[in-house]
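Reader: I would like a close look at how one pair of packed helices meets in this model, and then at how other parts of the chain are arranged. Please take the helix pair slowly, residue by residue where that is possible.

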Amino acid sequence: MTDPVPPRHDPHQSWRTEGGPAPSPDRRRGRGGCLVQAVILLVVYLAFGFLYSNVRGDGTTSVDYTVFTAQLDAGNVKSVYSRGSQIQGTLKHADPVPGGAKGDTYTRFTTYKPAFADADQLWAQIVRQKVAVTAEPVAQGPGLAESLLVSLLPTVLLIAVWVFVARRMGGGLGGAGGILGRKPPKPVELEPGRKRTTFADVAGIDEVEGELNDVVDFLKHPDAYRRLGAKMPRGVLLAGPPGTGKTLLARAVAGEAGVPFFSASASEFIEMIVGVGASRVRELFAEARKVAPSIVFIDEIDTIGRARGGAGAGGHDEREQTLNQILTEMDGFSGAEGVVVIAATNRVDVLDAALTRPGRFDRVVSVAPPDRSGREAILRIHTRAIPLAADVDLARLARATPGMTGAELANLANEAALLAVRHGRDRVEQKDLSQALEKVQLGAERPLVMPEEERRRTAYHESGHALLGMLQPGADPVRKITIVPRGRALGVTLSTPDVDKYAYTEEYLRGRIIGALGGMAAEEVVFGMITTGAENDLEQVTGLARGMVARWGMSERVGRLSALPQDGQQAYGLPAAPRTLDAIDEEMRRIVDECYEEACRTLRDHRDRLDALAEALLEHETLEEADAYRVAGVASAPAGTAR
Ligand code: ADP
Ligand code: ZN
Ligand code: MG
């Protein structure tokens with residue numbers, strides 16, 4: 001929720017500032033299939049090695065030959081067993097282990113007869129003492145079968161584990177009809193008893209539905225198109241942030257047209273054993289052709305469709321082979337077969353140009369988070385099956401949820417239903433929805449007893465954020481301040497805009513930086529020191545400052561250049577020269593330093609308001625919008641979105 005940078009199609013609509021030590025989450029996409037296999041194999045190997053070494057141990061104490069002869073002289077040897085120069089035996093009664101720890105005794109022993117020891121004399125003594133003797137020929141180690149087994153066992157085990165892992169991962173070995181077999185992809189929408197997904201289940205992205213209408217039409221009447229020789233786009237690429245309904249939409253297209261739906265996630269292809277990806281693709285398309293008209297859906301296509309030749313860790317060849325296979329399959333369509341490929345990605349910017357070439361995914365449809373009325377419609381869909389109390393106002397909820405995606409709204413509706421159940425109600429009331437929204441926006445409450453001093457510091461930290469948020473002209477209104485620990489944060493200040501915003505002014509961005517620095521500034525102004533609680537805030541600040549300087553042309557010195565790509569994306573132009581990077585760095589610092597100074601100055605000037613807010617927070621723990629503005633003595637933000 002705290003991505004501070006408003007990307008182009010994903011206006012960041014609500015933001016929050018948190019206090020609290022926050023280990024930064026690892027956001028990397030796991031592509032650890034091979035790694036997992038390697039680790040499993042290693043563990044098995046080690047485990048086996050361990051067992052194997054124990055097989056050799058036979059619970060006897062190994063003693064010097066002289067110890068053995070001494071025992072023999074003492075008449076304490078009960079039996080011996082000889083193989084080659086090795087002599088094993090048992091004692092009549094236990095004796096202390098020579099050189100062993102106190103109390104250690106032994107009755108079974110092993111020793112080796114030196115070549116120069118007199119065998120005849122030894123034999124005479126053994127006979128004299130009536131020691132029981134067994135012997136075996138001087139075999140060179142274990143028998144053939146046994147040694148074969150022992151030496152092959154690790155290998156056999158390795159292969160067995162490999163096969164097991166391969167099966168678990170849904171792959172096989174080698175090409176089509178691979179030796180290990182695998183489950184064929186299934187057309188999931190044909191399951192009986194499961195309601196088909198249709199456009200009625202999708203809302204808030206009407207333009208996108210419109211764009212897909214002719215695909216539906218084509219799938220319904222492929223013959224009509226064939227007669228006229230009209231060509232359909234072979235591939236449709238749905239591009240948009242996660243949770244905006246891309247998968248849902250692809251299913252809905254299949255549902256509307258009443259055709260089978262084959263789906264696979266691109267990451268599945270490359271998490272399997274090398275060489276499997278391409279054959280899986282071949283199979284998938286073969287199945288789809290058999291029952292055409294049909295839809296092949298490939299999710300997360302960016303995982304294999306990244307621009308080639310770029311940086312990329314292992315699995316590079318695998319990716320490329322899989323991608324090539326997809327392209328080959330698409331090229332192979334005559335267009336009359338009636339297989340439409342729909343792919344989804346949230347990283348359309350990194351895709352290989354070969355993918356979006358005409359005849360492949362030549363139709364790119366972007367799917368954006370819904371606007372206010374879209375959100376209302378989505379909430380309606382996801383509360384269809386939920387009995388709602390009369391006081392529920394979905395339009396109001398839609399206003400309070402700018403920036404939320406369809407998936408987040410679906411989750412919100414579900415959380416509200418869960419809350420109603422927990423409270424023993426038979427309908428969902430508005431307060432369930434408000435509470436669910438709070439949980440979704442702020443994170444779940446965390447029972448954590450804080451020392452009084454830390455509570456105080458948190459109260460000032462959050463008050464700093466909130467007061468600056470209230471005082472910045474044009475800033476998003478403060479909706480809620482709390483020092484109840486939530487999620488990873490010790491306290492939260494939530495601000496959301498009144499209306500959906502799609503572009504941001506420089507003033508607004510500076511205001512957000514100042515607000516985000518407010519927590520740290522308050523700690524410095526009031527306590528004369530800072531804590532680790534501002535880690536998240538600083539991440540936001542850095543992201544915003546970098547955007548202003550290097551992406552949005554808001555620094556005179558760096559100029560109107562897109563000098564740094566959005567994190568993790570590819571640059572459009574030349575990579576920035578070291579001199580530019582230095583300038584970016586200095587400009588970011590300048591902006592942040594100026595903002596920090598302004599934050600401290602404002603808080604000093606309004607120390608009475610800061611104290612009032614902090615005291616109120618310490619007393620009530622949570623302040624709602626109206627109370628917060630009243631306590632701070634700041635004219636309330638423009639009316640409109642009270643929840
Ligand atoms: P994506 O594939 O874009 O990441 P999904 O299609 O998997 O998103 O969406 C996850 C869930 O969120 C869907 O199953 C649906 O319940 C809900 N959802 C997302 N977008 C919408 C929408 N536009 N209309 C209705 N429900 C939606
Ligand atoms: Zn903070
Ligand atoms: Mg999806």
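Author: What follows begins with one helix pair and then turns to a second pair, the strands and two single residues. The model is a predicted one, and every value below is computed from it.

Two packed helices are described by the angle between their axes and the distance between the axes. For helix H17, which covers residues 506-527, and helix H18, which covers residues 535-550, the axes come within 9 Å and cross at roughly 160°. Because angles over 145 degrees count as roughly antiparallel, H17 is roughly antiparallel to H18. The crossing of H17 and H18 is left-handed. On the H17 side, the contact is made by Glu-506, Leu-509, Arg-510, Arg-512, Ile-513, Ala-516, Leu-517 and Met-520, and on the H18 side by Asp-537, Leu-538, Gln-540, Val-541, Leu-544, Ala-545 and Met-548. Sorted by class, this contact of H17 with H18 has ten nonpolar residues, one polar residue and four charged residues.

A second pair, helix H20 (residues 607-620) and helix H21 (residues 625-632), can be described in the same terms: the axes come within 8 Å and cross at roughly 140°. H20 and H21 are therefore oblique to each other. In H20, Arg-609, Ala-612, Leu-613 and Ala-616 meet Ala-628, Val-631 and Ala-632 of H21. The residues in the contact of H20 with H21 divide into six nonpolar and one charged, with no polar residue.

Turning to the strands, an open sheet of five strands has mixed pairing and follows the order E2-E5-E4-E3-E6. Strand E2 (61-62) and strand E6 (132-136) stand at its edges, each with a single partner strand, so one side of each is left without a neighbour in the sheet. Within this order, strand E4 (residues 86-96) and strand E5 (residues 105-112) run antiparallel and are joined by seven bridges; Ile-87 stands opposite Thr-111 in E5. Helix H2, made up of residues 65-73, lies across strand E3 (77-83), E4 and E5, and runs at about 120° to E5.

Another strand pair is formed by strand E7 (residues 235-239) and E11, which run parallel and are joined by four bridges. The bridge partner of Val-236 in E11 is Arg-363. The side chains alternate along strand E11 (residues 363-366), where Arg-363 and Val-365 point to one face and are buried, whereas Val-364 and Ser-366 point to the other face and are not. Arg-363 thus appears twice, as the bridge partner of Val-236 and as a buried residue of E11.

Two single residues complete the account. Ile-386 is found in the loop between helix H12 (372-382) and helix H13 (394-399), and with a relative accessible area of 17% it is buried. Leaving aside neighbours within four places in sequence, Ile-386 is in contact with Ala-413, Ala-417 and Val-428. For Val-428, which is 42 residues from Ile-386 along the chain, the C-alpha atoms of the two residues are separated by 7.3 Å. Glu-287, by contrast, is found in helix H9, which covers residues 276-290, and is partly exposed, with a relative accessible area of 23%. The C-alpha atoms of Glu-287 and Phe-262, which are 25 residues apart along the chain, are separated by 8.5 Å.

Terms used
Residues numbered from 1 in each chain as written. Chains lettered and ligands numbered in written order. Predicted model: local features only at pLDDT ≥ 70, side-chain atom pairs only at ≥ 80, totals over all residues. Heavy atoms only, no water. Axes fitted to C-alpha atoms, helices over the stretch in contact; angles between N-to-C directions. Helix = DSSP H or I, 4+ residues; strand = E, 2+ residues; numbered from the N terminus. Parallel < 35°, antiparallel > 145°, perpendicular 65-115°, else oblique. Left-handed = near helix turned anticlockwise from the far one by under 90°. Contact = heavy atoms within 4.5 Å. Nonpolar A, V, L, I, M, F, W, Y, C, P; charged D, E, K, R; others polar. Pairing = 2+ DSSP bridges. Buried < 20%, exposed > 50% of the residue type's maximum accessible area, 1.4 Å probe, protein only.
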